[in-house]
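Reader: I have a structure in front of me and would like to work through it step by step. Where should we begin?

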Amino acid sequence: MAVGYEGGLSFFDGPDEETDEHMEEGGASVADSDEYETFNTVEAWLQKRGPDWASACAAASAATGSEELGMILGRAVDGICVAGHLHVTSSAESGQERVARAFMVVKRGPPFLRNRHVRIYTLQHRNRARQSDEVWVRLLWCEVDPASIEQREAAVDAEWDPLSSACLFGRVLRAEGAPRTDYLCRLAQVQWCSDRQLFLPFSREVPAIWVHGRDRLPLDKLYKVRILRWPPGSPRPLAEVVNSWEQPTNAEACLRIYREEVSHVWHQTVPELQAPLIDSFPEREDLTDCSVFTVDCEGARVLDDALDYDAERNIVRIHIADVAAIVPSGSEVDDAAMK
């Protein structure tokens, strides 16, 4: 029985041009110093006054095409430092293209950028940051939808937001956090180094992982590896093997291995939510005792509506999530959810 996991696999096609300049014999990092900008430096950049956004908006309103609009917005945001938490959606590799599709939601920075998404597209720009890290990001450029001018003209009675049709891109300057260290992996079929082996994690959070050692491990097993460090300048972290299993042959074995893969979630602490009493919402009925279910595709993370069947009344009820009524924006619970 093949085992599958939400998020799929990280794929890698074969040898690349990576050298050993970041590694000493045995896997030690040559560079002991951290290449991240210092905390004081990024905080100072974060406090810098942003551009004259009113002037940028005026220039954007006069732009005659999407290319000109992109240049105006690009100049306005270039070099701005923002901060938030990183969300990783993919770390897939293919040949020389190392793609790390990730984004952060701006929590600190110029007011006109708050709550906007900034995309971090490559492993180089992600700069070793991992899932849920607090990151400081420098904006590099933005791309504008070709239909942005038409959207501007259509917004006759409403205030037009120049960034509503723009994608912002940035590079991580600094990352802090207590990231996950253990990952369930399979051994890559293509190996080209005599002193280390390449492992492919089932999770999308990290790219392919190096494990040092000259002993060849079997391909037909699953492995748990523990990341030891991620050397500055290296596209891949270094790890050690901490456990291994035979390929699962039944549902019970699959479940046991899956529990290993998600075990890091059980150790996370989430602030207790003090939900308001139902008396605070006189127009609503307390249905917290109902058994509800959702109809969502596999891997869905935003479960914002659900159904239940009331046999006594012979009706089907639709439940719509109203998180904002219970969780204030910027609260401890909101911050924990963002991580």
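Reader: Among contacts between residues at least 6 apart in sequence, what percentage join residues at least 24 apart?

Author: The model is a predicted one. A contact here means heavy atoms within 4.5 Å. Taking contacts between residues at least 6 apart in sequence, the share that joins residues at least 24 apart is 63%.

Reader: How many helices and strands are there in the protein?

Author: The protein has 339 residues, and 40% of them count as buried. Its secondary structure consists of eight helices and 13 strands.

Reader: Which strands form the closed barrel?

Author: Strands of a sheet pair through backbone hydrogen bonds, either parallel or antiparallel. In this barrel the pairing is mixed, and five strands close it. In order, they are β7-β8-β9-β11-β10. From one strand to the next, the twist averages 55°.

Reader: In β11, which residue does V225 stand opposite?

Author: Strand β10 covers residues 221–229 and strand β11 covers residues 238–246. The two run antiparallel and are joined by eight bridges. Opposite V225, in β11, stands V241.

Reader: Which residues of helix α3 are buried?

Author: Helix α3 spans residues 66–77, and its reach of 16 Å from first C-alpha to last is close to the 16 Å expected. A residue counts as buried under 20% relative accessible area. In α3 these are L69, G70, I72, L73, G74, A76 and V77.

Reader: What covers the buried residues of α3?

Author: The cover includes two helices and two strands. The helices are α2 (53–61) and α5 (148–154). The strands are β5 (134–144) and β6 (166–176).

Notes:
Residues numbered from 1 in each chain as written. Predicted model: local features only at pLDDT ≥ 70, side-chain atom pairs only at ≥ 80, totals over all residues. Heavy atoms only, no water. Pairing = 2+ DSSP bridges. Helix = DSSP H or I, 4+ residues; strand = E, 2+ residues; numbered from the N terminus. Axes fitted to C-alpha atoms, helices over the stretch in contact; angles between N-to-C directions. Expected span 1.5 Å × (residues − 1). Buried < 20%, exposed > 50% of the residue type's maximum accessible area, 1.4 Å probe, protein only.
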